Amino acid sequence: MAMEVTQILLNAQSIDGSVRKHAEDNLKQFQEQNLPGFFLSLAGELANEEKPAESRKLAGLILKNALDAKEQHRKYELVQRWLALDAAVKAQIKNCLIKTLSSPSHDARSTASQVIAKLAGIELPQKEWPELIGTLLTNIQQLPAHTKQATLETLGYICEEVSPEAVEQNHVNQILTAVVQGMNSSEANNDVRLAATRALYNALGFAQANFSNDMERDYIMRVVCEATLSPEVKIRQAAFECLVAISSTYYEKLAPYIHDIFNITAKAVKEDEEPVALQAIEFWSSICDEEIDILEEYGSDFTGDSEVPCFYFIKQALPVLIPLLLETLLKQEEDQDQDEGAWNIAMAGGTCLGLVARTVGDDIVPLVMPFIELNITKPDWRQREAATYAFGSILEGPSPEKLVPLVNVALNFMLSALMKDPSNHVKDTTAWTLGRMFEFLHGSMLETPIITPANCQQIVTVLLQSMKDVPNVAEKACGALYFLAQGYEDMGPSPSPLTPFFQDILQALYAVTRREDAGESRLRTAAYETLNEVVRCSTDDTSPMVMQLVPHIMMELHQTLEAQKLSTDEREKQNELQGLLCGCLQVIIQKLGSSEATKYVFLQYADQMMGLFLRVFSCRSATAHEEAMLAIGALAYATGSGFEKYMSEFYRYLEMGLQNFEDYQVCAITVGVVGDLCRALEDKILPYCDGIMTQLLKDLSSNQLHRSVKPPIFSCFGDIALAIGENFEKYLIYAMPMLQSAAELSAHTSGADDDMTEYTNSLRNGILEAYSGIFQGFKGSPKTQLLMPYAPHILQFLDSLYMEKEMDDVVTKTAIGVLGDLADTLGSNAGPLIQQSISSKDFLNECLSSDDHMIKESAEWAKLAISRAISI
Amino acid sequence: MAPPDHRRPFKRPTISDQQRRRELSLLRQAQHRLDAQHRARCLASTVLSLEAPGPGPGPEPEPEPVPELELELAAESEHHVEGGGGGGDSRSPSKEFDVRQASKLRGAEARKWFARQLMLPEWMIDVPDRLPQDWYVSARPAGKRCFVVSADGITVSRLRNGSVLHRFPSALPGGSRTRDVSGSAQSYSILDCIFHELDQTYYVIDMLCWRGYSLYDCTAEFRFFWLNSKLVESGACDPPSQNHRYRFSAVPVYNCDENGLHAAYTGAVTYIKDGLLFYNKQAHYQAGNTPLALVWKDEKCSQYVIDTDSNGNVPRLQQVVLELQDDFKLITSDDPPVVFGSLDNDIVQKSGLRSGYLLKFAISDGGLSFVDGRLDRADLQYLGKSNRARAFADSYSKVIFQYSVRHSPLRIDDLLAAISSRDDRENEHPDVEMVD
């Protein structure tokens, strides 16, 4: 076999499909029959200098892919499979890999680097392969340049693959020393220096301790800054990438260096090649991100004990930074608006300008206005566009007091530019700027409206006209209309200022969706999204017009379902369109179905609509399924118990949705729809509950399903119990142990990161909502005593949540509500238990004096219920 | 090691409408779940029980002859069944009645139903044990005792006999058509009040339901805590305005120790006092007569110590209203009723009296005589049928209180003495806890 593997690997890359297939089958067979042998021959192939470069590289890649998978469940299996291998086999494979790092073949070295990093990712957290770092770093300075390059690259990959906790600090120190030495200007070989610079990018996360040491930090920063001046462009780019990473990871350590960094970045933005200049701008964008976060935290809490202080780097750099960024705006590319993937210095500079505005607020306005005034009327489109873009960029951040007077002056100019400017590029940016005006300076929250009865008609007329322009301009006009409508959304039932134009707006948007070229520049999507927003802000006087739209949208959906014999590309577009149409119907259902005035007329369409949605399920598209499912949920809520007649047909799609592990969004949405069905059908959902509960329980025990779906499943138990009451009895023996073990898992969050804490809280909330629904469902039934055995654990769970002190407000509210539900349903039987619990005393008292209205309300409910339970 | 991609969204809204649709759906579902939960919590607990003690079991009177309220009320007692034992809400649904259903009742039906929802304190004829430990005291406002229900954007007050006093907008939960903060259609409240004519104020003496949550099964201690914290919050104590026609005010409640009793008895209040109210701290709100709430008065804290007749004069002889039973026995409104004697068949026949009628008597010079603390004999003189507005016969404690006021009244000093002597006793035997 070992003799043959080279040929098989070469055949596996053959252009002849049948040869390739045969080779792949051989490899698969080999792997299944003798895994250690398979791995050994792959590693041997990679290490063998006699073998062709192609077979060596593929051998390494197959080995790498046999160690890792994207999907968590599969990944775990592969890791376990590796760890279970014989120690001697593993050692031999590792030796081959390390040996390959000194191969003259660049591809072989690079492939070996990646495999080593994967193995390190598996073994280091298990405290295995302790000699790895030492082996790599031995005599690194004496190695030939190509081996040194491969070693540094390997170190970089390892840092990318392994979490910092898995590497000892003295190893970290050794890695950093080797990497920084490799980056140093004294390193003559550019490949080594580049590999070292890229390795530092990955190693920065390991350097917490080193960045806290002034001397070590000074040294690292000096080497990085020097590397930005390297004659080699790739090194300069990699060095700026390091600076970007440092700006977000070590913001609080930057103060001593910021002046130098500013000079370096300014020079790069002005003079260097674009890939380098883009990274230089990104450094400042990243500083903005940091300061925006810090200042937001300040804003929500004036105690000023935020962990990281704000150094106001942006505010200090403002007088020089702004001219620098404004200059970049003039470097647009022709037709960048038609190119979805475009990213150039003008775009990066404009984006950074917008971030600066959000960081410093009012201070930016006087620095930008002269540039706008100077350029906005110039004959060169670049100047007009740059001026317009600058204006659009600063509309988020500064106060309305500062901006509204400027916008009042600019509005007419912009409207006329949108109609008359000869440049599509200028019109695109103008429409986008109008959208930003409406997004940030229009709405019921603002004191002085920029849109008045006097100019509303003109604005609408111009936007509708502009929606007939080229696709990229029309798309921005739709966006502007979206925000114009959104500003009126929470105006209440009084006639909206849009009422006189409502019919025209609906017709214009509908016409855009039917444009032949609506597939370009995301135009169709923008038109439907805007249509949705306009529907959301419809009022009693305009809802009849929305009603007239319904048959049209249904007809469109019908047509997509009739289309036959489509190419893959056409089918994809068709599915996207189905998603948009189902989304639009969902918004309409929610709007017309929630008002008594329109509900009954609207529901005449329910049968037809349901028929269409069910047909969407037979098309294979996760997005379309998701949208159809959401629409059905909304329809179920609007029809109430009348939805029962669709259940027999709908049920199998519901089950399908609950089984869709792969597109977990569909699964999550379907779980939500089960909740809608429970509230709509109440006890009429009973015949379907066996199936639904079976599926939900399977979902919970699956390790393939994305974890974010699990909390809503628990909440769904509550919905079901509330709907079917004591009939939930037969599910108790399954649901309660699941809830109990999930509760135990979620009771403690110590040491978890923010993501994990957030997830834990959503899990707790789901569990608590389940308990709430179950208690309330059983309330008043003679079977309440069935719940009694679970009460001690539930109370313990509440107590441990309280002691843990890591609950968010939502969990607090739900938790204290469960205490009430327990007392309410179990009554005096649970009195002594309740009185023993901490929750009924300290926790309850804390909640009673909460500032949060919802927590207080729940706590009052709990106090009431407890007081009844213990006084009876 | 792919180079990092620092491309940022350009001229694009950061949130897609699809994401927004998803979020709005989740929001809608969360809101509906909350509504469903809220509904479950409220509905289950707003059930008012019809187990108020009626004027005792009696045979069904013939319905047609006199459409008097009294008769119909007596008929209602047919439905009275002792509440089921056990904890929680194990009462069978057939005897439960939701106040929201009740609010749909009209005319006589409504009056009948509401008339039996008030807790009626007994008159204090001897001083209860452990006054300072177990009891509250408050100065009772003079005025019309009524039951105030706020629901569906209107507030209705009904007198003891069930007839409507006012129909008005108020700041109580659900009490006016303004947009309620809580926004819930389930939001309604029931208060036990005394309407004080002079300052046109509803003085709240007890709280039965607040924002849809029933307080019936809560102790007085809890109800008063709730009343004091919630009423002000709601704005119901604010001066009248367009959406709030009458001011509400909580009555100050004191622990019934020496200071508390003194404060209630002599303290200045914004209303005219009509005696003192005593509430047992552990007692639930119980419709009908209860010995766990007591009323007491003397000349200093009430203008009407001795009952007056319909012309406002104090009759020479004490008058009582008793209910006629089919065996001609005359009973009080207590449960179980106390028998005061019986009527001669002659009078019954002559006057066309029927079982369930409320009749007025005077206590003649023979007075009442007691054996072992129990009523043995009453010297009754038949005066005629009682006023039609009456819903109930007098209670035993009322008759005895009026009797003792005329003969040997219970004085404030007796109450104070009881408190201080109990204090002493407590001190002497600190570890003896009397629990009944």
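**Close-up 1. A negative surface patch in the predicted model of chain A**. In this predicted model, the residues Asp753(A), Asp754(A), Asp755(A), Glu758(A), Asp808(A) and Asp809(A) together form a negative patch on the surface. Helix 37 of chain A, which spans residues 754-778, contributes the largest share of this patch, namely three residues. Asp809(A), another member of the patch, belongs instead to helix 39 of chain A, covering residues 809-826. Asp809(A) has a relative accessibility of 46% and therefore counts as partly exposed, since that class lies between the limits of 20% and 50%.

**Close-up 2. The aromatic pair of Tyr482(A) and Phe483(A)**. Over all chains, the count of aromatic pairs comes to 37. In the pair shown here, the ring centres of Tyr482(A) and Phe483(A) are 5.5 Å apart and the ring planes meet at 70°, so the arrangement is classed as edge-to-face, for which the planes must be over 60 degrees apart. Both Tyr482(A) and Phe483(A) are buried.

**Close-up 3. The stacked pair of Phe617(A) and Tyr653(A)**. The rings of Phe617(A) and Tyr653(A) are stacked, with a centre-to-centre distance of 5.1 Å and an angle of 15° between their planes. Because Phe617(A) sits in the loop between helix 30 (606-616) and helix 31 (622-639) of chain A, while Tyr653(A) sits in helix 32 (residues 644-659) of chain A, the pair ties together parts that are 36 residues apart in sequence. Phe617(A), at 6% relative accessibility, counts as buried, and Tyr653(A), at 11%, likewise counts as buried.

**Close-up 4. The aromatic cluster around this pair**. Phe617(A) and Tyr653(A) join Phe643(A), Tyr646(A) and Phe650(A) in one aromatic cluster.

Methods
Residues numbered from 1 in each chain as written. Chains lettered and ligands numbered in written order. Predicted model: local features only at pLDDT ≥ 70, side-chain atom pairs only at ≥ 80, totals over all residues. Heavy atoms only, no water. Patch = residues over 30% accessible without salt bridge, like charges linked within 9 Å, V, L, I, M, F, W, Y side chains within 5 Å. Areas by Shrake-Rupley, 256 points an atom, 1.4 Å probe, with all protein chains shown as cover. Salt bridge = Lys/Arg side-chain N within 4 Å of Asp/Glu carboxyl O. Lys, Arg positive; Asp, Glu negative; His and termini not counted. Charge placed at Lys NZ, Arg CZ, Asp CG, Glu CD. Helix = DSSP H or I, 4+ residues; strand = E, 2+ residues; numbered from the N terminus. Buried < 20%, exposed > 50% of the residue type's maximum accessible area, 1.4 Å probe, protein only. Phe/Tyr/Trp six-rings, centres within 6.5 Å; stacked < 30°, edge-to-face > 60°.
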